[in-house]
Amino acid sequence: MRVLLVDDNAELRELVTRALTRDGHAVTAVATVAAARAALLESPPEVLVLDLGLPDGSGMELCRSLRAEGERVPILMLTAQGAVARRVEGLESGADDFLAKPFAVAELRARVRVLGRRGPAATPSSWRHGAVALDFAARRAVVRGAEAPLTAREWALVEFLAGRGGRVARRGEILDAVWGADSPQASASLDVLITRVRRKLGAAALRTVRGEGYALGGGE
Amino acid sequence: MAATAVLSGLLSAALGTVIAWTSMLDREDGRLRGAAQTLAVEVPAGMGDAAARAHADDEQTEVAVAGMRIALYRGARFVGGDASLRPSAAEGCRTDGPSRRCRFVLPTGAIEVASELAGARAQRSLLLGASLAAAVLAGLAGLGLSGAVSARIVRPLQRLREEVAAVDADAPGRALPAGGDGYAETDALRAALGEMLARLDRALAQSRRFAADAAHELRTPLGTMQAELELAAEGDEVLPEEVKGSQRRALRTLVGLTALVERLLILAAPDESLRGSREAVSLAEAADEVLAALEPAARARVRATVDDRLHVRGDAVLLRAMLENVLSNALKFAPAGEVTVSAGADGDDAVVAVTDAGPGVPAGDRARVFDAFYRSAGARADGVRGHGVGLALVARIARAHGGSAAFEDAPTGARLVLRLPRWRPA
């Protein structure tokens with residue numbers, strides 16, 4: 001996968017480049033917003049890893065303007081503060097994921113993998129079906145008039161399926177998108193997660209297509 | 001305070017009346033003595049009965065005007081004066097019904113004198129009445145005074161005490177708004193307390209910032225070291241087993257150290273930052289993840305029953321860390337035997353109970369065991385590894401989510417109970 005890394009810290013660029021290269025990615029590392037824009041034109045990446053504080057601009061601003069220009073590349077934003085507020089801000093500006101510095105490099109590698117497999121962002125902002133209303137922006141699920149608690153992972157599953165617009169997603173794809181891995185543990189967790197989501201949203205909200213996978217809506 | 005006033009009023013009224021009455025009698029006795037002395041002077045011992053009688057009768061006529069009676073006896077023989085005044089048994093003065101009587105034995109004979117006490121009695125009644133009235137007034141004044149003292153001092157002090165008790169230990173500077181009740185006495189105290197709390201707040205903030213900055217500074221080099229060691233471990237070069245073993249051990253220590261630094265950061269963080277994430281967290285999901293991360297040998301010792309429907313509002317990462325610490329603590333301090341984890345709903349709360357078959361926690365230690373870096377004598381003696389930070393973290397995270405952590409009585413071993421408010425629609 002082609003990865004574009006934008007960070008003004010030379011040590012971090014060196015370390016992350018080595019790690020991602022080890023994973024088989026082709027990494028381009030730059031230090032400024034200007035260089036990032038140039039690299040985006042020259043060789044469009046499949047994942048963009050973007051630092052928040054850059055010498056010639058804000059990573060969040062770059063993210064926002066890229067989205068406004070119609071750029072759909074998955075973006076992982078890095079920040080020096082772990083504050084939750086920044087996470088929300090980052091996601092609102094169009095980033096797909098958010099990682100606080102200093103991070104474990106293994107964590108970065110896993111998230112890059114997930115973003116790469118998920119592909120360009122395509123989640124609608126809401127979804128309605130029967131008695132279920134899902135607001136993905138506010139992360140609020142209302143079932144038969146009462147709010148239901150969905151965990152972060154359950155939201156990730158439902159959002160991914162919603163992005164498929166009711167089309168079937170294979171187990172492998174779901175595992176990659178939500179767990180970033182296709183391991184026996186993840187597979188077992190998926191079964192449990194499907195059961196829990198069905199219990200909360202109602203069996204009609206999530207259908208199993210035997211031999212193929214799962215889809216949102218149209219279940220019994 | 002009013003009761004005291006009334007009581008002392010009544011007491012002084014009683015005492016005053018007694019003293020006044022006594023002095024009135026003394027005065028009366030003085031009058032009687034005076035009359036007796038006058039007669040005694042006129043009737044020397046040698047005077048005959050007839051002359052004595054004349055003097056006594058004259059004296060009686062005179063004292064009758066003053067409401068007194070006087071009589072002279074020689075032996076049992078009445079000599080002169082008021083015959084109806086019978087001789088007394090003993091010398092001296094006494095009250096006899098409505099009269100005050102005195103008997104003086106002299107060489108010339110025994111002189112009996114008496115006076116009516118009606119007037120004195122009336123005076124006594126008046127005095128008693130006045131004293132009682134004074135007592136009631138004193139009581140009312142006391143009530144009024146106690147009301148004033150209450151308003152000025154007692155109630156403002158009580159209010160102040162309540163406010164101090166309600167001070168949040170994590171943010172003391174926010175308590176005690178200025179202004180008070182307008183009473184100078186408590187306002188000064190309030191201001192002094194407020195200043196002290198503000199200083200405490202600043203000191204707390206400073207030490208928190210230091211701890212957070214220190215931990216943050218440590219994270220970066222630790223993260224880099226870990227990354228380098230991990231990349232080296234994945235390397236293709238063939239290295240002597242000794243070197244690889246060394247690398248593995250270094251990596252393990254590093255991971256442990258990084259985990260400790262993360263815990264310290266959480267401990268040092270102010271509550272608001274811990275409450276930042278407000279997502280729905282499934283306790284069953286968190287427990288599943290924690291259990292899945294255990295070594296197989298440890299996993300086999302744990303029996304978990306977690307209600308699938310239990311959700312808590314907060315931070316999934318922190319709650320997982322909380323459960324992980326509780327579990328690893330139980331596994332560590334009870335090196336053998338079963339560890340049970342059960343989580344269920346109790347009204348608006350989610351209750352998680354973790355029990356082990358170890359030595360348990362002595363009742364005296366139960367509170368201290370949640371202090372950061374506290375390690376019981378038993379733990380140190382047994383050489384149990386660790387820094388004593390795990391339980392402090394558990395308590396901190398539980399509190400930041402509006403809950404609590406405490407050790408409860410158990411027939412054997414230890415029983416740790418976590419209480420957290422359940423998820424509710426916002």
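1. Let me start with the hairpin of S9(A) and S10(A) in this predicted model. Four residues lie between these two strands, and Arg139(A) takes a positive phi near 50° there. The strands themselves, S9 (residues 132–135) and S10 (residues 140–143) of chain A, run antiparallel and are joined by four bridges. If you want a pair to click on, Leu134(A) has Ala141(A) as its bridge partner in S10(A).

2. On its other hairpin, S9(A) meets strand S8 (residues 126–129) of chain A, again in the antiparallel sense and over four bridges. This hairpin has two residues between the strands, and Gly130(A) takes a positive phi near 60° in it. Leu134(A) turns up here too, as the bridge partner of Trp127(A).

3. Which residues of S9(A) are buried, and which are not? Val132(A) and Leu134(A) point to one face and are buried, whereas Ala133(A) and Asp135(A) point to the other face and are not. That fits a general pattern: in a regular strand the side chains alternate between the two faces of the sheet.

4. Further along chain A you will find an open sheet of three strands with antiparallel pairing, in the order S12-S14-S13. Its edges are strand S12 (169–170) and strand S13 (206–209), each of which pairs on one side only. S13(A) is tied to strand S14 (residues 213–216) of chain A by four bridges, and the two run antiparallel. Within that pairing, Leu206(A) has Leu216(A) as its bridge partner in S14(A). Helix H6 (residues 152–163) of chain A lies across S12 and S14, at about 85° to S14(A).

5. Chain A also has an open sheet of five strands, this one with parallel pairing, in the order S2-S1-S3-S6-S7. Strand S2 (26–30) and strand S7 (97–100) of chain A each have a single partner strand, so one side of each is left without a neighbour in the sheet. On average, and with direction ignored, neighbouring strands of this sheet are turned by 20° against each other. Strand S1 (residues 2–6) and strand S3 (residues 47–51) of chain A run parallel and are joined by four bridges. Leu5(A) stands opposite Val49(A) in S3(A).

6. Two helices to look at on that five-stranded sheet are H1(A) and H3(A). H1(A) packs on the sheet and touches S1 and S2 of chain A, with its direction at about 170° to that of S2(A). Helix H3 (residues 59–68) of chain A packs on the sheet too, touching S1, S3 and strand S6 (75–79) of chain A. The direction of H3(A) makes about 145° with that of S3(A).

7. Now for the interface: how many residues of chain A are in contact with chain B? There are 21, and they meet 23 residues of chain B. Several elements of chain A supply at least two residues each, among them helix H4 (84–92), helix H5 (105–118), strand S11 (146–148) and helix H8 (184–201). Helix H1 (10–22) of chain A, listed there as well, gives the most to this side, with four residues. By class, the chain A side divides into 14 nonpolar, two polar and five charged residues.

8. Chain B has eleven helices and twelve strands. Of its 426 residues, 29% are buried. Among contacts in chain B with a separation of 6 or more, 65% are between residues 24 or more positions apart.

9. One helix pair in chain B deserves a look of its own. The axes of helix H4 (residues 184–234) and helix H5 (residues 241–268) of chain B come within 9 Å and cross at roughly 155°, which makes H4(B) roughly antiparallel to H5(B). The crossing of H4(B) with H5(B) is left-handed. Their contact has 18 nonpolar, four polar and three charged residues.

10. Finally, a glycine to inspect: is Gly81(B) buried or exposed? Gly81(B) has 27 C-beta neighbours inside 10 Å, so it counts as buried; the cut-off for that is 20 or more. Gly81(B) sits in strand S2 (residues 77–81) of chain B. Setting aside neighbours within four places in sequence, Gly81(B) is in contact with several residues, including Ala56(B), Asp57(B), Ile70(B) and Leu72(B). Arg53(B) is 28 residues from Gly81(B) in sequence, yet the C-alpha to C-alpha distance between them is 7.0 Å.

Notes:
Residues numbered from 1 in each chain as written. Chains lettered and ligands numbered in written order. Predicted model: local features only at pLDDT ≥ 70, side-chain atom pairs only at ≥ 80, totals over all residues. Axes fitted to C-alpha atoms, helices over the stretch in contact; angles between N-to-C directions. Parallel < 35°, antiparallel > 145°, perpendicular 65-115°, else oblique. Left-handed = near helix turned anticlockwise from the far one by under 90°. Nonpolar A, V, L, I, M, F, W, Y, C, P; charged D, E, K, R; others polar. Buried ≥ 20, exposed ≤ 12 C-beta atoms within 10 Å, placed from the backbone. Pairing = 2+ DSSP bridges. Contact = placed C-beta atoms within 7 Å.
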